[in-house]
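This report follows the strands, helices and contacts of a two-chain model, beginning with one pair of packed helices. Please keep the sequence and the structure at hand while reading.

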Amino acid sequence: MVNSAIRLRGVVKRFGGITAVDGLDLDVPYGTCVGLLGPNGAGKSTTMKALTAQVILDEGEIEVLGYRLPDDSKQARAEMGVVPQLDNLDQSLTVEQNLQVFSHLYRVPKAERQAAIDRALDIANLQERRTSEVDALSGGMRRRLLIARGLLHQPRLLLLDEPTVGLDPQVRQELWALIDRLRSEGVSILMSTHYIEEAERLCDQVTIMSHGRSVAVGPPRDLIAQHAGTEAIEVYGSPAKLGEVEAEARAKGWSTRRTGTSVSILHANGDTNVEGERRITNLEDVFVLLTGEEIS
Amino acid sequence: MATATAPRRRLGRLERAALRGVLVREVVNYSSFWRSSTFSSTIDPTIYLLAFGFGFGSLVSTVAGYDYIDFVGTGIVATTVLFSGAFPAMYGTFVKYQFQHTYDAILAAPVDTEELVTGEGLWIAARTGTYGCFPMLVAIIFGLDPSFGMLLVPFIAGLAGFGWANFGIFIAARAKSIESFSYWQSGLLTPMFLVAGTFFPIDGLPTWAQVLSNFNPLFHCVELVRHAVFGFEGVLEDLGHLAFLVAFALVAWRLAINFMEKRLIL
């Protein structure tokens, strides 16, 4: 019995000598939002493309909505929506024409087409821009239109590839509200992102990727508790002092992470000897600890 | 929808629903640029027609037994097919792939590369079938006698156009940059365009060029159009021309699909 909307096992993809995805396992249970988190080059985009069979695996298995890929990829694509990272709207067409074209590509029956377009316009809050050419839309509106386009056929699975990259903070929050609403309506969502806050807010579970592998899986809270503890101590000072603090912390078995101007000591729960600012740990701590990379 | 057993339905190849989706996208987009496209596809050959018709026509009155305006007015149909088939396919495909990322969006829907290429090829074929007739209609104004055989011309032009469109998609699928089109254009398409019996009969060419032109789809298109308009000469000969065009279209179609798959599916 299939109980995951997406199931990846041992997925490997190489491009020439580079292994982009290196033995990835991933599950998206029905009705949940799962975040694929990782720095640039971790293999997120390759994984997303493999889910629409635009990347063919070297090894491993993928099942999407119970369909085996790549053989039954077309059926899977008929039942899922994809929101790309790059804007690939038809620029010289209007908002409504873009939706009209994709209502055909997604095989919405003729009698339901207009209703589907109206519903998508509602979701994206673009009713008033119906006749605007895409060229004239702001970045946030385009992204909303891209999401609406992926929802025309009421898919039960939605793939979001970096849904808010390059957007203003308030636009990002609007999109979060939209994504959260979809999840509450029961749509299964896989979202790749390198915005930690996005994953923390929206995702039931995250998979942290590094160098093509999954390095941690779980609900954001659990991952934080497990890898970073409850409290972090942020110590500021000269590079020399920071070096000493790091050495000291390691000697006591705590993890540290360097930000530009400070050292964060993690897992030092309850220790009061160290001078520094106390703050609550977050997913970013886990991310940096596990991937060894700072994120923007 | 918490759990779901996916229905075991297998979607086939070259489905009408997918082809229609690709065609709808093309038609809706065309509505935003049909003026410029129609302008260049019809004015270009008309200029050739008038320039050669009047310029060359003042030196020679008949060529290969035809009035020169009749000769060139029918031959130029094939030129139009090349211009409105291969070139939009080359540039259109490359731009959609490289700059607009259109194919990412289409292939994320239930459409396969084979359907994508076929749909786009069919749409360009429909356009070349229409545009191909335009210079012939202009030639009628200048003295070409209308005939029933002309009703076949859109179909001949459409068939040749399907071949050229797919050939153009094939070129674009192989191109690393848009500049590389120059090699195909100057190295292959321009010579083919001149040595097709459009402006002058190939009889006067050296033997090797005559032999080569038998491998030129444009030559077979020109012959077939001319025979359709002025009367078929020999059934076998014209079936031969037709067979060549069909073979060209099929080979170009499969090549385009094959190379687009290599390009689009990593």
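## Helix packing in chain B

In this predicted model, Thr42(B), Pro45(B), Thr46(B) and Leu49(B) of helix α1(B) make contact with Phe134(B), Pro135(B), Val138(B) and Ala139(B) of helix α5(B). Sorted by class, the residues of this contact comprise six nonpolar and two polar, with no charged residue among them. The axes of α1(B) and α5(B), the latter covering residues 133–141, come within 9 Å and cross at roughly 40 degrees. Because angles from 35 up to 65 degrees fall outside both the roughly parallel and the roughly perpendicular ranges, α1(B) and α5(B) are oblique to each other. The crossing of these two helices, α1(B) and α5(B), is right-handed.

## The contact between the chains

Helix α1(B) also takes part in the contact between the chains, to which chain B brings 32 residues and chain A brings 33 residues. On the side of chain B that touches chain A, α1 (16–56) and α3 (102–108) of chain B each supply at least two residues, and α1(B) gives the most, with eight residues. The residues on this side of chain B fall into 18 nonpolar, eight polar and six charged.

## An open sheet in chain A and its edges

Turning to chain A, four strands form an open sheet in the order β2-β1-β4-β5 (chain A), and their pairing is antiparallel. The strands β2 (18–29) and β5 (67–69) of chain A stand at the edges with a single partner strand each, so one side of each has no neighbour in the sheet. From one strand to the next, the twist averages 20 degrees. At one of these edges, strand β4(A), residues 59–64, is joined to β5(A) by three bridges in the antiparallel sense, and Ile62(A) stands opposite Leu69(A) in β5(A).

## Strand β9(A) and its partners

Which strand of chain A is largely enclosed by the rest of the structure? Strand β9(A), residues 205–210, has five of its six residues buried, and is therefore largely enclosed by the rest of the structure. Strand β3(A), residues 33–37, runs parallel to β9(A) and is joined to it by four bridges, with Thr207(A) in β9(A) as the bridge partner of Leu36(A). Strand β10(A), residues 213–218, runs antiparallel to β9(A) and is joined to it by five bridges, and here Ser210(A) stands opposite Arg213(A) in β10(A). The hairpin of β9(A) and β10(A) has two residues between the strands, and His211(A) in this hairpin takes a positive phi near 50 degrees.

The strand pairs of chain A for which bridges have been described, together with one further pair taken up below, are set out here.

| Strand pair | Sense | Bridges |
|---|---|---|
| β3(A) and β9(A) | parallel | four |
| β9(A) and β10(A) | antiparallel | five |
| β4(A) and β5(A) | antiparallel | three |
| β11(A) and β13(A) | antiparallel | four |

## A further sheet and the helices on it

Another open sheet of four strands has the order β12-β13-β11-β14 (chain A), with antiparallel pairing. Its edge strands are β12 (255–258) and β14 (277–280) of chain A, each of which pairs on one side only, and the twist from one strand to the next averages 30 degrees. Within this sheet, β11(A), residues 231–236, and β13(A), residues 262–266, pair over four bridges, and Ile265(A) in β13(A) is the bridge partner of Ile233(A).

Helix α9(A), residues 239–251, packs on the sheet and touches β11, β12 and β13 of chain A, its direction making about 10 degrees with that of β13(A). Helix α10(A), residues 283–291, lies across β11, β12 and β13 of chain A as well, and runs at about 95 degrees to β12(A).

Helix α10(A) also packs with α8(A), residues 220–228, at an angle of about 60 degrees, with their axes 9 Å apart. That angle makes α8(A) oblique to α10(A), and the crossing of α8(A) with α10(A) is left-handed. On the α8(A) side the contact is made by Pro220(A), Leu223(A), Ile224(A), His227(A) and Ala228(A), and on the α10(A) side by Leu283(A), Asp285(A), Val286(A), Leu289(A) and Leu290(A). By class, this contact of α8(A) with α10(A) has eight nonpolar residues, one polar and one charged.

Technical notes. Residues are numbered from 1 along each chain as its sequence is written. Chains are lettered from A and ligands numbered from 1 in the order in which they are written. This is a predicted model: local features need pLDDT of at least 70, side-chain atom pairs count only at pLDDT 80 or more; totals for chains, interfaces and linings use all residues. Two residues are in contact if their C-beta atoms, placed from the backbone, lie within 7 Å. Ala, Val, Leu, Ile, Met, Phe, Trp, Tyr, Cys and Pro count as nonpolar, Asp, Glu, Lys and Arg as charged, and the others, Gly among them, as polar. Axes are lines fitted to C-alpha atoms, for helices over the stretch in contact, and angles run from 0 to 180 degrees between N-to-C directions. Angles under 35 degrees count as roughly parallel, over 145 as roughly antiparallel, 65 to 115 as roughly perpendicular and the rest as oblique. A crossing is left-handed if the near helix is turned anticlockwise from the far one by less than a right angle, and right-handed if clockwise. A residue is buried if 20 or more other C-beta atoms lie within 10 Å of its own, exposed if 12 or fewer, and partly exposed in between; C-beta atoms are placed from the backbone. Two strands pair if DSSP finds at least two bridges between them.
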